[in-house]
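Open your viewer, switch to a cartoon view and keep the selection tool handy. We will walk through a few stops together, one selection at a time.

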Amino acid sequence: MKTDVQIAQQASMEPISQIAAKLNFSTDDLELYGKYKTKISPDGWNKIKDNPDGKLILVTAINPTPAGEGKTTVSIGLADALQHLGLKTALALREPSLGPCFGIKGGAAGGGYAQVLPMEDINLHFTGDFHALTSANNLLAALIDNHLQQGNALRIDPRRVTWRRAVDLNDRALRHIICGLGGKVNGVPRETGFDITVASEMMAILCLADGIEDLKNRLARIVVAYDVDDKPIFARDLNATGALALLLKDAIKPNLVQTLEHTPAFIHGGPFANIAHGCNSIAATRHALKAADYVVTEAGFGADLGAEKFLDIKCRLANIAPSAVVVVATIRALKMHGGVSKNNLGEENIAALQTGFANLQKHLENIKAFGLPAVVAINEFFSDTEAEKQCLLSLCEKNGHKAFLTRVFAEGGKGAIELAQAVAESTQEKSKLQFSYALDMSIKEKIATIAQKIYGASGVSYTAEAEKMLNKLNEMQMDKLPICIAKTQYSLSDDSAKIGRPKDFTITVRELRLCAGAGFIVALTGSIMTMPGLPQKPAAENMDISADGTITGLF
């Protein structure tokens with residue numbers, strides 16, 4: 001079979017103006033980035049903003065494994081299948097990060113015959129949104145250090161600067177650094193570090209902002225440091241708001257592209273789900289809901305991370321709710337959750353599949369607890385045996401779950417027709433989103449609720465540093481914000497080695513971070529890091545471009 005990049009390069013794309021026309025946008029509503037990419041202008045939003053909302057379909061998954069689940073690929077294939085059924089459909093996905101692209105995970109533009117195009121652009125610089133975010137993030141950092149250098153009128157404690165720099169690459173050497181070395185003219189020496197751009201508060205702000213004025217309000221209330229009296233210093237105190245908004249004036253506008261089968265696809269924003277809140281922008285989702293009758297969106301990693309944050313943070317802030325949820329699973333991944341090593345996944349193993357099913361079952365229970373109908377999409381691989389497929393379908397049926405085999409990687413939208421029909425029917429069911437916690441609960445109560453209800457933990461412990469910040473947040477009256485838990489994606493627990501459905505485990509909160517601009521509190525658990533590192537053999541080593549511009553090695 002052809003590689004993903006070969007399929008993408010040989011595809012026939014329609015001019016983006018024709019794709020936009022499917023959603024009733026005219027060329028006057030578009031800000032073109034070449035022939036196949038565009039941003040939607042404010043005039044485009046004004047045209048559709050009073051339309052009734054379409055049906056929102058959330059795609060999530062089991063805890064990921066090195067075997068791969070194909071959640072984005074299924075999302076794209078499902079949207080194409082809905083279009084095959086004659087339904088006016090749009091996608092709303094996140095933008096890929098350069099970190100995983102050049103690291104080990106790969107891009108986020110789908111795979112096989114279920115991709116978004118132009119794939120190379122989307123996985124690389126796209127429309128420059130991430131570069132704008134990185135620049136805004138680092139401008140704020142530069143203003144802080146310049147303020148320290150120029151007399152420090154705000155009396156910032158250099159030891160209490162909380163704002164870190166960012167770069168959208170995996171670079172472990174930048175996790176902890178000392179800046180300002182080299183003498184008096186080079187600044188005030190202090191400890192700091194870098195986060196990957198997709199884990200930054202700046203990214204979260206862009207994705208949660210409701211227009212330019214809300215963006216400016218969020219930027220203004222970023223807490224960047226504390227002064228010598230332990231009082232918070234905000235971005236507005238540095239007169240930074242206007243310049244930051246200026247750098248993000250285009251990045252805040254949603255991007256529109258297309259799938260291989262020419263389904264309109266909004267791709268905008270890209271926070272990681274294991275660290276940040278893991279959803280595409282509210283702006284893109286709202287554009288899609290107003291312009292289409294059915295909208296397929298995705299939340300990062302497993303339902304314990306992306307879906308929980310989508311529902312408890314994004315839906316709460318945007319006042320939206322899915323009409324149906326799709327949980328993606330693979331037989332290969334479930335066998336890994338049942339104890340099979342990656343090297344032996346090609347061998348039939350019914351017992352391991354039955355054991356690993358517990359992971360899928362937990363995620364489905366969680367979706368039901370949110371009050372939403374769920375459908376299982378079994379992303380089929382060539383190594384799956386007939387006995388294994390029938391076993392998983394039977395397990396789902398016995399436990400009251402609708403499940404369908406999908407072949408979107410090999411067949412595109414045609415490989416998910418049954419799934420699309422079932423999902424479309426599910427969107428007609430009565431449902432009411434029930435958040436997993438109330439905002440007026442204490443910070444510890446909210447974290448405990450997520451850990452116990454969503455992960456299945458027996459309890460939560462806190463380091464001394466986390467307890468100290470907890471008291472500070474209560475003192476600042478920031479305790480009513482939503483919670484964004486940063487946790488390994490590979491396990492329901494905060495220990496990546498505990499696969500399947502672990503029991504009798506404790507979640508350890510080692511640090512709490514206030515993201516006042518984004519509007520939530522981040523609880524870092526276990527050994528999760530906000531700046532990933534590259535693997536022993538990075539994917540970047542296999543990439544190249546020829547003299548005629550042909551890209552190779554990009555999946």
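Between which helix and which strand is the loop where Asn 152 is found? Select Asn 152 and trace the chain both ways: the loop runs between helix 7 (129–149) and strand 7 (156–161). Keep in mind as you look around that this is a predicted model. Asn 152 has a phi near 55°, a positive value in a residue other than glycine. Is Asn 152 buried or exposed? With a relative accessible area of 18%, Asn 152 is buried, because the cut-off for buried is under 20%.

**Step back: the whole chain**

Zoom out now. The chain holds 19 helices and 25 strands. Its radius of gyration is 23 Å, close to the 24 Å that the globule rule gives for 555 residues, so the chain is as compact as a globular protein of that length. If you draw a box along the principal axes, the C-alpha atoms fill roughly 70 × 55 × 50 Å.

Try colouring by burial: 60% of the 555 residues count as buried. Then switch on a surface. About 21,400 Å² is exposed, and carbon and sulfur atoms supply 50% of that area. Colour by charge next, and you will have 58 positive and 60 negative charges to look at, with mean positions 3 Å apart. As for contacts with a separation of 6 or more, 75% of them are between residues 24 or more positions apart.

**Select Leu 117 and Pro 118**

Look at the peptide bond from Leu 117 to Pro 118: this bond is cis, with omega near 0°. Pro 118 sits in the loop between strand 6 (114–117) and helix 6 (119–123).

**Select helix 9, residues 212–220**

Show the side chains here. Which residues of helix 9 are buried? They are Asp 214, Leu 215, Arg 218, Leu 219 and Ala 220. Now bring up the surroundings: the cover over these buried residues includes helix 8 (201–208), strand 13 (232–234) and helix 10 (241–247).

**Select Asp 230**

Strand 13 leads us to the next stop, since the loop between strand 12 (223–227) and strand 13 is where Asp 230 lies. Asp 230 is not a glycine, yet its phi is positive, at about 70°. Its relative accessibility is 28%, and Asp 230 therefore counts as partly exposed.

**Select His 262**

Move on to the loop between strand 14 (255–259) and strand 15 (264–267), where you will find His 262. His 262 is buried, at 18% relative accessible area. Which side chain joins that of His 262 in a polar contact of 2.9 Å? The partner is Gln 258. Leaving aside residues up to four places away in sequence, show what else His 262 touches: Ser 12, Met 13, Glu 14, Ile 19, Lys 22 and Gln 83.

**Last stop: Asn 359**

Finally, select helix 14 (residues 350–369) and pick out Asn 359 within it. Its relative accessibility is 0%, so Asn 359 counts as buried. Hide the surface and look at its side chain, where a polar atom lies 2.8 Å from the backbone oxygen of Gly 500. Gly 500 is also one of the residues that Asn 359 touches, not counting those up to four places away in sequence. The others to display are Ile 62, Asn 63, His 337, Leu 492 and Arg 501.

Key
Residues numbered from 1 in each chain as written. Predicted model: local features only at pLDDT ≥ 70, side-chain atom pairs only at ≥ 80, totals over all residues. Heavy atoms only, no water. Helix = DSSP H or I, 4+ residues; strand = E, 2+ residues; numbered from the N terminus. Rg over C-alpha atoms; globule rule 2.2 N^0.38 Å. Buried < 20%, exposed > 50% of the residue type's maximum accessible area, 1.4 Å probe, protein only. Contact = heavy atoms within 4.5 Å. Areas by Shrake-Rupley, 256 points an atom, 1.4 Å probe, with all protein chains shown as cover. Lys, Arg positive; Asp, Glu negative; His and termini not counted. Charge placed at Lys NZ, Arg CZ, Asp CG, Glu CD. Polar contact = N/O pair within 3.5 Å; in protein donor to acceptor, adjacent residues only side chain to side chain.
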